Amino acid sequence: MAQCSVLFTSEKPQAEPKSLSDKPTKKPSETPSSQPAIFIPVDRSPDIQEARLKLPILAEEQVIMEAIKENSVVVLCGETGSGKTTQVPQFLYEAGYGSGNYIIGVTEPRRVAAITMSQRVALEMNLPQRVVSYQIRYEGNVSNKTKMDGVLLKEIQKDFLLTRYKVVIIDEAHERSVYTDILIGLLSRIVPLREKKGSPLKLIIMSATLRIEDFTNNKRLFPVPPPVIKVDARQFPVAVHFNKRTPLDDYAGECYRKVCKIHRMLPAGGILIFLTGQAEVHSLCRRLRKTFPFSGKNIHNVTEDDDSQEAVKRFKKSKPKKTMNLPKIDLASYSAQPLDEGDEDREAADDDEDGSGSDLDLDLGDGEAQEDEKTDSSLPLFVLPLYSLLAPEKQSKVFLPPPAGTRLCVVATNVAETSLTIPGIKYVVDCGKVKKRYYDKVTGVSSFRVDWTSQASANQRAGRAGRTEPGHCYRLYSSAVFADFEQFSLPEITRRPVEDLVLQMKDLNIEKVVNFPFPTPPSADALIAAEELLISLGALQEPPKTGRLNDLQKAKLSSPITALGKTMASFPVAPRYAKMLALGRQHECLPYVITIVATMTVRELYVEVDRPAVSDEEKELLKGKKARVLQMQRIWAGQGSAQKLGDLMVMLGAVGACEYAGLAPKFCERNGLRFKAMLEIRRLRGQLTTTVNSLCPDIQLYLDSKMNPPTESQVMYLRQIVMSGLGDHIARRIRAEELLDEKWKNAYKTPLLEEPVFIHPNSALFRQLPDFVVYQEIMETTKMYMKGVSAIEAEWIPVLLPQYCHFGKPLEEPPPFYCSETGRVKCHRPSTFYRVGWQLPAVVVDYPEGLDRYKYFAMFLLEGKVIKKFGSYRSVLLSTPIAMLKTWAKLQPRTEILLKALVSENADSLAGLLAAWKKNPKYLLSELCQWTPEAIHEDISKAWPPIQHDED
DNA sequence: GAGCACTGC
């Protein structure tokens, strides 16, 4: 699950920290505790006390605590900077909500937030970290490094009523992360249950923006709307300036011009620019550095950065540095009035109408007037890129003060909107766009699109200019365009596949997921698709195939979880991958499956090397690096048939090599691997290994840093295991003879897409073009590209993925046969792949259920293939065994009699036959006598049932 | 022959 929890207990350390992960054996003391009249003294240092008093929320302590006392659910609304995250838990602690072995639980959407919050609270209250602890995905500091996995959702799985908690705080609920949504849904049911038990649980929902209707005005969630308390934020006013005209598509160019003007005309203060992607960020950085170069010597190791190298070089050639000469306009006396929270819209709109024309906004203009890209080294600008995939050491540069005499300018993506706060920002330049991932609900194809952002997030961006002093936000679009923005962006849960959530919820025994009180429910399509996939994977029970259509539809959305599903739910990965793990134990493949799954789960394994270079020199450098990376990938792709595992083999090789090199950052750097990704993979492998060991204690798996490459046959099993998880991600190559249209050249067909899909050019199988492949995902860019591709064999499909196949009538040639290993009648059946009807090779499967299976079984029985003893009567049989199959069989009563006897006891396999004999030792005796001359009936009868001899 | 925002168990 996605949350990071901060556990917040009383001073008394827990006697048994482990009990958190076990089922609580004894309930906490049942003292009625809805109104704790306790006051727990806290010993804060004077300077902390002083800093706290400045927080607006401290004035609200009374109101907040009264509301919590009187209500079981409270919504607390306050912008960032109000101090609610750090202060509310302290209020609760002081009021005694954390005493008596109870826990105050706080969930944060991000790991860093959970860690810093717990540290901050511990510091402010002068409490040890064992009292204020955190737990996140792979680690935690709960009571002296007790290792724990799973957080609040996992705890609900173990103890649905959360009996150890007296308060749960959901922080940043406005971000609407999938798991806060589900937690709120679950807690809305747990709270009244706890009320009934006389040991109430308090739920506090903390949200920043005003988007709270989904929580407060949602009868299904909370029949009685919870009270809302608003808290002021300590935020400085931000004047918002709109462009008069909105650039059609060159918002990056408009950004550049606006930054130039700000830097030339406005007083000191950092600039933060919001763009949509890595490439844009780098390109704007280059342009700005070119225009306002500065000396990077001895500052922040700038020389490590490829882009800054350019700036440094340029500077060395340029004239000695002049002092920065900035105009001295007092921006604090700017026409804008202070901005209260939530007033930004009005403020912004006013500003556009009467503000422009007389103030700085006009001076800065929308300007395409001057295209001045001439170098101006008198005004050094310290330009830094910032995006999530940037190496952490490069990211952290934005937190340091810029070199003396320069102005900080951060060119960022959306990371800077919520995840990272940059100090000293006075100017925000907002292009108004975001890049978002889209999923096609029907086909599952992903794509990235750049779109207008929402009003809420534009305001969030503007707010970044007022953290340390009054600021300005320049929006590169008109107020009319802003007015057309969506008020809020859609909650994540409505925009992504939900199979992982559905599985988790089924594991909580919520069978009818449609009825769950989601703050915003996912679409019915998404829920149906999830349920179908989980049924195909065997994680949910297949609904009955008979019944009325209406009932079927209903049953479809309420399938209970299977044992396999329970196993899968315990792995913190996507259900398709969890299936691979569940199968992975065979042939000692598990360490490899764990590594492959971990690698597929962690995003962006490789660093971007395709960035356009600034100089010829850099171009050569990048080219060399790229060549080396490609060469390594060829090595990792393996030899011979191992290559068929394709991109997953490359991943396995990369991780193996990296681990062998001791997870060294240098190794990653040289081979184009993203160090942070490698760390994550290591941690996830560790967690998956732990989970496997806890599921099957006999297996005693450990994390091997010197993992040998898989053998050839293991690679084949791996391909089969991978295919079993990706059964709905199969593609078939269009062969030359089927080619009707050039656009299908080298293309693949998938069951759900009409258009051709292609193997991504970076794939190890790009040139191989296997007939059948499975893929991790399809990403639509200029074409539909499959990524994470492995080759599979057509004949595996009907055997390993029968749920996706239609089977034809059993073939007469080769004829059905009796399989002595399984004791069952087998046959060859032709098959086709569902929907698309691809011909697949005929495979040996169990003979389909029905009368014919009994006929064949009877024949094999008479032939002595099932039971040896029967063979001894073979020569004296009154009819030939093959008579069982003939159309005229009915004319011979003995065939009918035998058949009826078998059918009556379901004896169409050895197991069935033995069971029947166990019930009735005389079973089948008279029927066999029909087939044999009377002379030997007595002999037969004496040796009946004829099995003991076979068992020897 | 490309072009991925941001999170998490």
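In this predicted model, 53% of the 952 residues of chain A count as buried. The chain holds 35 helices and 24 strands, so there's plenty to look at, given that helices and strands here are DSSP runs numbered from the N terminus. Among contacts with a separation of 6 or more, 73% link residues that sit 24 or more positions apart in chain A.

A good place to start is strand E3, which covers residues 103-108. Six of its six residues are buried, so the strand is largely enclosed by the rest of the structure. In a regular strand, side chains alternate between the two faces of the sheet. For E3, one side carries Ile103, Gly105 and Thr107, the other carries Ile104, Val106 and Glu108, and both faces turn out to be covered. E3 runs parallel to strand E5 (residues 165-170), and five bridges join the two. One of the residues involved is Ile104, whose bridge partner in E5 is Val167.

Just past E5 comes a backbone oddity. Most residues other than glycine have a negative phi, and most peptide bonds are trans. Glu172 has a positive phi, near 55°, without being a glycine. This residue lies in the loop between E5 and helix H6 (178-196). Is Glu172 buried or exposed? Glu172 counts as buried because its relative accessibility is 13%, and the cut-off for buried is under 20%.

Asn906 makes a handy comparison. Asn906 isn't a glycine either, yet its phi is positive at about 55°. Its home is the loop between helix H31 (893-904) and helix H32 (910-919). With a relative accessible area of 55%, Asn906 is exposed, since that label applies over 50%.

Cis peptide bonds turn up too. One joins Glu813 and Pro814, with omega at about -5°. Pro814 belongs to the loop that runs between strand E21 (805-807) and strand E22 (817-819). Another cis bond leads from Trp944 to Pro945, with omega near -10°. Here the proline is in a loop between two helices, H34 (937-942) and H35 (948-951).

Back to strands: six of them form an open sheet with parallel pairing, in the order E8-E15-E12-E9-E11-E10. Strands E8 (238-242) and E10 (381-386) are the edges, each pairing on one side only. On average, neighbouring strands in this sheet are turned by 20° against each other, ignoring direction. What holds paired strands together? Strands of a sheet pair through backbone hydrogen bonds, either parallel or antiparallel. Zooming in on one pair, E9 (residues 270-274) and E12 (residues 425-430) are parallel and share five bridges. Ile271, for instance, has Tyr427 as its bridge partner in E12. Helix H9 (residues 278-291) packs on this sheet and touches E9, E10 and strand E11 (407-412). The direction of H9 makes about 170° with that of E10.

Next up is empty space. Rolling a probe the size of a water molecule over the atoms shows where such space is left. The second largest pocket encloses about 1,100 Å³. Its lining is made of 36 residues, and those closest to the centre are Thr80, Gly81, Thr85, Thr421 and Arg467. Helices H1 (46-53), H3 (84-94) and H4 (111-125) are the elements that each give two or more residues to the lining. Which element supplies the largest share of the lining of this second largest pocket? That's H4, with six residues. Sorted by class, the lining has 10 nonpolar, 14 polar and 12 charged residues.

Two more residues round out the picture. Thr689 is part of helix H26 (residues 675-695) and is buried, with a relative accessible area of 7%. Leaving aside residues up to four places away in sequence, Thr689 touches Ile594, Leu701, Tyr702 and Leu703. Arg735, in turn, is placed in the loop between strand E16 (730-733) and strand E17 (748-749). This arginine counts as partly exposed because its relative accessibility is 28%, a value in between the cut-offs of 20% and 50%. Arg735 and Ala747 are 12 residues apart along the chain, and their C-alpha atoms are separated by 8.6 Å.

Key: Residues numbered from 1 in each chain as written. Chains lettered and ligands numbered in written order. Predicted model: local features only at pLDDT ≥ 70, side-chain atom pairs only at ≥ 80, totals over all residues. Heavy atoms only, no water. 1 Å grid on protein atoms, 1.4 Å probe; cavity = no way out; pocket = protein on both sides within 12 Å on 5 of 7 lines; lining within 4 Å. Points joined across faces, edges and corners; volume = space filled by probe spheres on them. Helix = DSSP H or I, 4+ residues; strand = E, 2+ residues; numbered from the N terminus. Nonpolar A, V, L, I, M, F, W, Y, C, P; charged D, E, K, R; others polar. Pairing = 2+ DSSP bridges. Axes fitted to C-alpha atoms, helices over the stretch in contact; angles between N-to-C directions. Contact = heavy atoms within 4.5 Å. Buried < 20%, exposed > 50% of the residue type's maximum accessible area, 1.4 Å probe, protein only.
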